There are 2 protein chains.
Amino acid sequence: MDRPYTGVIERLKNAGLRPTRQRLALAKLLFDGGDRHITAETLHAEVLAANVRVSLATVYNALHQFTRSGLLREVVVDSSRAYFDTNTSGHHHFFDEDTGDLSDIPDGEISVSSLPGAPAGKVLSGVEVVVRVRSQQ
Amino acid sequence: MDRPYTGVIERLKNAGLRPTRQRLALAKLLFDGGDRHITAETLHAEVLAANVRVSLATVYNALHQFTRSGLLREVVVDSSRAYFDTNTSGHHHFFDEDTGDLSDIPDGEISVSSLPGAPAGKVLSGVEVVVRVRSQQ
DNA sequence: ATATAAATTAGAATAACTCTAAACTAACTG
DNA sequence: CAGTTAGTTTAGAGTTATTCTAATTTATAT
Ligand SMILES: [Mn+2]
Ligand SMILES: [Mn+2]
Ligand SMILES: [Zn+2]
Ligand SMILES: [Zn+2]
């Protein structure tokens, strides 16, 4: 149950990021264990709960750096907060508008057919399907 | 070329909204002419340019009331601003991440197949496909 | 006309970020 | 190692889109 940081250290180094105490704690929460969908606030709360003092500015910095390096992907589903996804491969989401819960649509349960070409002079950068659901009565 | 408000007055009354000077001006900009994609700021600028004094708070109020009444639909594509669409029927969007341009994907050029059922205890409320494009370089 | 409920508004407040500039630290070099 | 330097963290201030508050105004009903 120990040597807990080796994997995460490598992951950060490969991304060209120094494995600092803060980034290690954040990366461990994000990448050790299954795929996750998080916001800056929830990640900040988790890292504090794990007794690592990290500022909110650093959480935002890390989320953006991880995203730029391809370790995370941003999912836009709510105009009031940014969500980040540790699963960077192409997949789609359920978003519960009442609870704010973001969850994956299992692969194969949805597919987009006959993708349109990008308008003239533009280049495609991603395709996202969001299936919105409600849980409140 | 006159009696310019009759259509819009009916539309507001049917939605249970009093046809005030402000709502008439906003509804005219929104619904007279083709389908539109707008933000609160752009609509506010337009209404001022048309020489009708309307506060930004009223623009936000109207956008939300129109949305609740089904005259508009909100499209979530950018975590920093809310877009509203005068076309409330089911259709999908291109979003240019460089310019902020939101445009419709022509009907038939895309389709989502094998829609998943909503997770247990949840009810489906919408399906949105966003095709992100870039125009810079 | 009056009354009443609904709507508008200025400006303050909020919330999610982003920025700045100073303090710290990881990594390199000899 | 000790010294240097570039990268990182941070507190707190700043920004921006949006919401709220409470006072004023207006639409509608009688
Ligand atoms: Mn924001
Ligand atoms: Mn916002
Ligand atoms: Zn996901
Ligand atoms: Zn549209």
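In this predicted model, a polar side-chain atom of Tyr60(B) sits 2.6 Å from a phosphate oxygen of DNA strand D. Helix H2 (21-31) and helix H4 (56-68) of chain A, together with helix H4 (56-68) of chain B, are the elements that each give two or more residues to the surface near that strand. Chains A and B also meet each other, burying about 2900 Å² between them.

**Around DNA strand D**

- Thr20(A), Arg23(A), Thr58(A), Tyr60(B) and Ala82(B) come nearest among the 19 residues around the strand.
- Arg23(A) places a polar side-chain atom 2.2 Å from a phosphate oxygen of DNA strand D, while Arg53(A) uses a polar backbone atom, 3.2 Å from a phosphate oxygen.
- Sugar or phosphate accounts for 85% of the DNA strand D atoms within 4 Å of the protein, and bases for the rest.
- H4(B) gives the most to this surface, with four residues.
- The surface near DNA strand D holds seven nonpolar, seven polar and five charged residues.

**Where chains A and B meet**

- Chain A brings 37 residues to the contact and chain B brings 38.
- Carbon and sulfur atoms carry 53% of the buried area, and on the chain A side Ser79(A), Pro116(A) and Arg132(A) lose the most, together 19% of what that side buries.
- Four salt bridges link the two chains; one of them joins Lys122(B) to Asp96(A) at 3.2 Å, N to O.
- E7(A) is the element that gives the most to the side of chain A touching chain B, with twelve residues.

**Strand pairing across the chains**

- E7(A) pairs with strand E7 (residues 123-134) of chain B in the antiparallel sense, over eleven bridges.
- Within this pairing, Val131(A) has Val127(B) as its bridge partner.

How values were computed
Residues numbered from 1 in each chain as written. Chains lettered and ligands numbered in written order. Predicted model: local features only at pLDDT ≥ 70, side-chain atom pairs only at ≥ 80, totals over all residues. Heavy atoms only, no water. Near = heavy atom within 4 Å. Polar contact = N/O pair within 3.5 Å; in protein donor to acceptor, adjacent residues only side chain to side chain. Nonpolar A, V, L, I, M, F, W, Y, C, P; charged D, E, K, R; others polar. Contact = heavy atoms within 4.5 Å. Buried area = accessible area lost by both parts, 1.4 Å probe. Salt bridge = Lys/Arg side-chain N within 4 Å of Asp/Glu carboxyl O. Pairing = 2+ DSSP bridges.
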